[in-house]
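Q: Please take a close look at one helix in this model and work through how its length and its buried residues fit into the chain. After that, set it beside the rest of the chain and the contact with the partner chain.

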Amino acid sequence: MAEQKQNKEIDKIVGDYKYGFKTETKSVFNTGKGLNEEVVRVISKRKNEPEWMLDIRLKAFHHFANQPDPSFGPDLSDIDYDNYTYYIKSTDRSENNWEDVPSEIKETFDKLGIPEAEQKFLAGVSTQFESEVVYHSALKELEDLGVIFLDTDSALKEYPDLFKEYFAKSVSATDNKFAALNTAVWSGGSFIYVPKGIKVEKPLQSYFRINSEQMGQFERTLIIVDEGASVHYVEGCTAPIYSRDSLHAAVVEIFVREGGYCRYSTVQNWANNIINLVTKRALVDKSAHMEWIDGNIGSCVNMKYPACVLRGEGAKGTTVSIAFAGEGQNQDTGAKMIHLAPHTSSTIISKSISRGGGRVNYRGLVNLAKNAKNAKSHVECDTIILDGLSKSDTIPTNIINNSDAQIEHEATVSKVSEDQLFYLMSRGLTESQATEMIIMGFIEPFAKELPMEYAVELNQLLKLNMEGSIG
Amino acid sequence: MTEQIFRNSLKENFYLDSETIINLRQKQLDNIKQIDYPKIGKIKLGKIYLENLNVKYNSEKTVKILPRNINNLVDDENNIIIIKDGNIIYNNLDEEYTGVEIISYFDALQFKNENALQIFNNNFIKENNNKLMAINSAYQNSAILINIPKNKIVKSTLKLHIIGENSDLVHHTYIISGQNSEFSIVEKLDNLKRIDVNYVSEVVIEENAKLNYIGIDRLSEKTNAFIERDCLVKDNGSVIYALGQLNDGFTVSNNIINLAGKNAHCESRNILFTDMDNIHAVTVRVNHLAPYTVGTIINHGIVKDKGYLHVDGIGKINQGMNQSNSQQHTNIINLSNSAKVYANPYLLIDEYDVLAGHGATIGKVDDEQLYYLMSRGLSKNEAEKLIILGFLYPLIELIDSESIKNSFIQTIESKLSI
């Protein structure tokens, strides 16, 4: 009991979201609360979109309206879709010069600690503020290579044919309820096209933020890696804290063409009042390789299952993920690997930690279809539960439809190893130092895949979250 | 409900029952409509008509010498009990069994054994949580009670043959292991004619008792079966719970072990064989309802032809059940390109001071093992056979009956046609 009490006290101090501040910004245009066909039409019109996009939006909207909540995972019946604003535009046009960015918005970024200096290191920064991209810069280097790195809205205007060829081809308008919602009202997000044979050495990076209270954010990311090309895209999320629930339903579509390589890294760190329902799917062609590096630390309800559809011979899919659930959080995450072609292989490594009454679930799917001869899949899920209030379920689905393929699945759930604790404490560490060290070691397979500054930030965040977990 | 059941009115079919029991059956019957099927993956049980039963009481006489068709199923061994269509027709128990109460529902009615009837009547009274269990309660036409008294230790294994022939079989087995008792039982389920089977067994392991319970299901083609085995283990109780599932027809098999007492221990070892165009849905669930409980699940499955095998292994540790250990191994060998295998090992953990783990593999016969054996001069067939028989070992080593063990191996061999 004493432990719990102490935990609670510490939670009071550190439990406040680190980035819980809010800047007053004046919206230039918004659609008001609620969602109906008219709102969808207004969004499309406002953006001057071609007819086909409006058609897709409407089709998706009707699917969304008729679709029940998913039969699995956290309870979403509390979401009141009429209580959100589906489109807000805070400045009228996209900026590509730092000097032109309004100072208020800059302030927010400064507090967040997106360093200006780092832009030189990072190949491009496109920062989403509310629904529209307000800051966007791509280094000349990228332009010279022929890489297209834009916000999704501009990409639709500037490369309509390319856009039409790929949009909603991986995650269709009617894929699932929240993908449909996103397709109906999407706004913002990143668009990346890497031409044949081009290898982008530096990671591309984008920061997303939600700012207005109770505003849903529905960004749409589309990445196309052409034959033999390679790219590493980094997405980071931080958001101010609000009193009411906020909804985030993103869609990420990735196409990795023959021999291509794509790595998509995320550290999702929404404030603890955000409901995060994300559909991420990559179509992977012959000999191509897709990697999802997926961290889930924030949000109150999180449903996210990055998927690889391995449709070309010898395609490879990897997912390395961590999930951390603290008080009041429900992290329902996992990975999907769908093998459609021979000699495909996939690996899923998932590490989960729960504490303070949090619930962390692994929900995964590995499906080896009939044609997936000699396909191999390896899944590892490990969970550490730090205290008696927290919970964890491991719910994998393994399906195999031919006799030449193989699935291996392993999972463990336990508390922090007492032997390890004892050893470290015998070396002079306190219990909390020792626990911290063990947890850091536990997530090492994930952290080492991140760019350095992200790994540092992740470690800081986890340490902050872990404080007071030992009584 | 289906026509057949309405046509056979309850009173006529279950003419041995008292008025009260008939009323209870009627009540269960009314319930059936309101309760759902158990949920197993994507299998739509409603389409299989597991409720389409033609049930009645059958009377059979006790025999000294078994008729030929039964003798084929049962080898000459000691300690055999055969219950056919609800009647115990044969038993040759040793003296060692004195004190162990083994009685069928019919005998209990006939000899007015109030204690036994009280236990049997539980089935008609209890609340059911799925449609198939409710059907069992409403239509039970065969039941047996094995009551092992306190401190009774029986060394030899009881072989219980449950056989259905003349109507669909709705059977209920009760096993009560009294405190400090030790007992082992091998149970085999057969049918002589094409019938449907709804089978439920309930096992209670009292404090400190030990039980080995091995169930072999060998139902023939086109026999739809629902088989539920529930087990409750109290303080320091220990159970080895094994299942050999070799049915040739559609089968739903639910196996639930509740570790309800401190230090309760269970080991569930299951061999599943699915071939032809069969659908087998198997659930093995261990609920840790007390601290210091240990549960192990081993599922070995072989899938052939157009078989469809769905295995859910579930380890559930409730909050506060500290120092519990839940382990699971599911290994499936898939021999066919037209087969479908779902293997889902779930861990549902609400407590932190525990150990839980599962491993699952699905694949073909291991290439390296094959290569090794073939390099020693075995043909590919022989090598495969050896590997698969080794794969069955976790169950075979438990079967303490030469005849059942041999018939088990023979069945597998003939199914593999090796």
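A: **Helix 3 of chain A**

In this predicted model, helix 3 of chain A covers residues 51-66, and its 16 residues should span 22 Å because each residue adds 1.5 Å; the end C-alpha atoms lie 23 Å apart, which agrees.

The buried positions come next. Trp52(A), Met53(A), Leu54(A), Ile56(A), Arg57(A), Leu58(A), Ala60(A), Phe61(A) and Phe64(A) are buried in helix 3 of chain A. An α-helix makes a turn every 3.6 residues, so residues three or four places apart point the same way. Among the buried residues of helix 3 are Met53(A), Arg57(A), Ala60(A) and Phe64(A). Leu54(A), Leu58(A) and Phe61(A) are also on that list. As for partners, the buried residues of helix 3 pack against four helices of chain A: helix 2 (37-46), helix 7 (152-158), helix 8 (160-166) and helix 9 (177-185).

The wider chain gives the setting. Chain A holds 13 helices and 24 strands. Of its 471 residues, 62% are buried. When contacts in chain A between residues at least 6 apart in sequence are taken, 84% join residues at least 24 apart.

Helix 11 of chain A offers a second case. Its 12 residues, 431-442, reach 16 Å from the first C-alpha to the last, close to the 16 Å expected at 1.5 Å a residue. The buried residues in helix 11 are Ala434(A), Thr435(A), Ile438(A), Ile439(A), Met440(A) and Phe442(A).

That leaves the contact with chain B. Chain A contributes 35 residues to this contact and chain B contributes 32. Together the two chains bury about 2600 Å², with 47% of that area on carbon and sulfur atoms. Between chain A and chain B there are 3 salt bridges. One salt bridge joins the side chains of Arg359(A) and Asp350(B), at 3.8 Å from N to O. The two chains also have 17 residue pairs in polar contact, with both residues at pLDDT 80 or more. On the side of chain A that touches chain B, strand 23 (391-400) and strand 24 (406-414) each supply at least two residues. Strand 23 of chain A gives the largest share of that side, 10 residues. By residue class, the side of chain A that touches chain B has 11 nonpolar, 14 polar and 10 charged residues.

How values were computed: Residues are numbered from 1 along each chain as its sequence is written. Chains are lettered from A and ligands numbered from 1 in the order in which they are written. This is a predicted model: local features need pLDDT of at least 70, side-chain atom pairs count only at pLDDT 80 or more; totals for chains, interfaces and linings use all residues. Side-chain values use heavy atoms; hydrogens and water are left out. The expected span of a helix is 1.5 Å times one less than its number of residues. Buried means under 20% relative accessible area, exposed over 50%, partly exposed in between (1.4 Å probe, protein chains only). Contact means heavy atoms within 4.5 Å. Buried area is the accessible area (1.4 Å probe) that two parts lose on being put together, summed over both. A salt bridge is a side-chain nitrogen of Lys or Arg within 4 Å of a carboxyl oxygen of Asp or Glu. A polar contact is a pair of N or O atoms within 3.5 Å; within protein, one must be able to donate a hydrogen and the other to accept it, and residues adjacent in sequence count only if both atoms are side-chain atoms. Ala, Val, Leu, Ile, Met, Phe, Trp, Tyr, Cys and Pro count as nonpolar, Asp, Glu, Lys and Arg as charged, and the others, Gly among them, as polar.
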